[in-house]
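Trainee: I have a new model open on my screen, and I would like to learn how to read it. Could we go through it together, one question at a time?

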Amino acid sequence: MRSAMVEALTLTTESTAPASADVRPVVWTSAEWIAYFRANADNLLDIPWETGAGVTPEELAEIVSSLSAWQLGETSDGSRLVRTAEKHAAKFNDPAFVDLIRLFIAEEQRHGETLGLFLDAAGVPRARRDLGDSLFRVFRHFLMRMEVWATVVVIIEVHAMLYYAAIRRATRSAVLRRICEQILRDEVPHIRFQCERLAIIRRGRNRVLMGLTAAAQRVLFVGITAAVWIGHRRALRAGGFTFRRFWRNAWAQMGRAWQVMNPKAYR
Ligand SMILES: [Fe+2]
Ligand SMILES: [Fe+2]
């Protein structure tokens, strides 16, 4: 089930079919997304914990402070997001959306937990609070709107795709590489999920407002890209990114997400 669903998620918005046949995808319902998250939870990759952390001190030195900050970021209890989702679910008359958000949060917490277990295995103390986490608390008021939430999350997830690909390249640890593979597999549908939500919220928005939204998103995107590079450049470099390469890849990934969050991309 998972593979068919993931295949559906990778559908592009372009088409070579005649104009009469509308082949654009439809937005998934909350029930469909719930089915996806449940199926995904039953189809996780095996992590070879029996091999131990398997990370060399040299590799660890390059990634450890970054990874513990990222681990903390994946560990939020999600209570604010649930409250935001409850408001959104009431407004859109979609009560199942709250259950769906709980499944999404559980998946993010699994990322945090497996990364935490890796840090434990490597003998690294877990972080308690970092700058990104504190910034998040400052902006929490804005985050009570589902649109702002989904926007921030999709931008962070675009960077997570680059980040975990870099961590995977930066180590020969079988455990850490498998954890990165699982997170990368999960994040592709996450981005799609957030983009669909944004497309639903923006349906019917006029051109001027859409233009302002796009501009605000680009400002936010540039800020987050700069912050991720500044905070994590050592690990990103260890994974083969120069700033230039990171910047270009971030724009390319985000460009695809911008296509998928366009309401016109759907029937
Ligand atoms: Fe995650
Ligand atoms: Fe995610």
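Trainee: In what order do the elements of the chain run from the N terminus on?
Mentor: Keep in mind that this is a predicted model. The chain has ten helices and zero strands. Read from the N terminus, the elements therefore have the order α-α-α-α-α-α-α-α-α-α.

Trainee: What share of the 267 residues in the chain is buried?
Mentor: A residue counts as buried when its relative accessible area is under 20%. Among the 267 residues of the chain, the buried share is 46%.

Trainee: Among contacts between residues at least 6 apart in sequence, what percentage joins residues at least 24 apart?
Mentor: Contact here means heavy atoms within 4.5 Å. Taking the contacts between residues at least 6 apart, those that join residues at least 24 apart make up 82%.

Trainee: Which helix gives the most to the largest nonpolar core?
Mentor: This core has 51 residues, and Leu67, Phe118, Val154, Tyr164 and Met254 touch the most other members. At least two residues each come from helices H3, H5, H7, H8, H9 and H10. With twelve residues, the helix that gives the most is H7.

Trainee: Which residues does Val154 touch, leaving out those up to four places away in sequence?
Mentor: Val154 is one of the core residues that touch the most other members. With residues up to four places away set aside, the residues Val154 touches are Ile191, Gln194, Cys195, Leu198, Met254, Ala257 and Met261.

Trainee: How many residues does the other core have?
Mentor: This core lies apart from the largest one, and its members include Ala85, Val98, Val153 and Ile201. Its residue count is 22.

Trainee: Now for the metals: which residue coordinates both iron ions?
Mentor: Let's start with the iron ion (ligand 1), which is coordinated by Glu74 (OE), Glu108 (OE), His111 (ND1) and Glu187 (OE), at 2.0 to 2.3 Å. The protein donors of the iron ion (ligand 2) are Glu108 (OE), Glu157 (OE), two OE atoms of Glu187, and His190 (ND1), at 1.9 to 2.6 Å. The two ions are 3.5 Å apart, and a residue named as coordinating both is Glu108.

Trainee: Why is the arrangement around the iron ion (ligand 1) described the way it is, and what is the word for it?
Mentor: For four donors to count as tetrahedral, all angles must lie between 85 and 135 degrees. The four donor atoms here subtend angles of 80 to 159°, so the arrangement is irregular.

Trainee: What spacing do the donors of each iron ion follow along the chain?
Mentor: For the iron ion (ligand 1), the donor residues are spaced E-x33-E-x2-H-x75-E. For the iron ion (ligand 2), the spacing is E-x48-E-x29-E-x2-H.

Trainee: How many residues apart in sequence are the parts that Glu108 and Glu187 tie together?
Mentor: Glu108 counts as buried because its relative accessibility is 13%, and Glu187 counts as buried at 2%. Glu108 belongs to helix H5 and Glu187 to helix H8, so the pair links parts whose separation in sequence is 79 residues.

Trainee: Let's turn to the rings: what kind of aromatic pair do Trp229 and Phe243 form?
Mentor: The structure holds 20 aromatic pairs. In this one the ring centres are 5.5 Å apart and the planes stand at 70°, and planes over 60 degrees apart count as edge-to-face. Trp229 is in helix H9 and Phe243 in helix H10, so the pair joins parts 14 residues apart in sequence. The kind of pair is edge-to-face.

Trainee: Are Trp229 and Phe243 buried or partly exposed?
Mentor: Trp229 has a relative accessible area of 8%, so Trp229 is buried. At 39% relative accessibility, Phe243 is partly exposed.

Trainee: Which residues form the aromatic cluster?
Mentor: Another edge-to-face pair is formed by Phe241 and Phe246, 5.7 Å centre to centre with 75° between the planes, and both residues are buried. The one cluster consists of Phe221, Trp229, Phe241, Phe243, Phe246, Trp247, Trp251 and Trp258.

Trainee: Over which ring does the charged end of Arg218 sit?
Mentor: The charged end of Arg169 sits over the ring of Phe241, 5.1 Å from its centre. For Arg218, the distance to the ring centre is 3.8 Å, and the ring is that of Trp258.

Terms used
Residues numbered from 1 in each chain as written. Chains lettered and ligands numbered in written order. Predicted model: local features only at pLDDT ≥ 70, side-chain atom pairs only at ≥ 80, totals over all residues. Heavy atoms only, no water. Core = buried A, V, L, I, M, F, W, Y, C linked by side-chain atoms within 4.5 Å. Buried < 20%, exposed > 50% of the residue type's maximum accessible area, 1.4 Å probe, protein only. Helix = DSSP H or I, 4+ residues; strand = E, 2+ residues; numbered from the N terminus. Donors = N, O, S within 2.8 Å, 3.2 Å for Na, K, Ca; no water. Tetrahedral: all angles 85-135°; square planar, octahedral: opposite > 155°, others 65-115°. Phe/Tyr/Trp six-rings, centres within 6.5 Å; stacked < 30°, edge-to-face > 60°. Lys NZ or Arg CZ within 6 Å of the ring centre and 35° of its normal.
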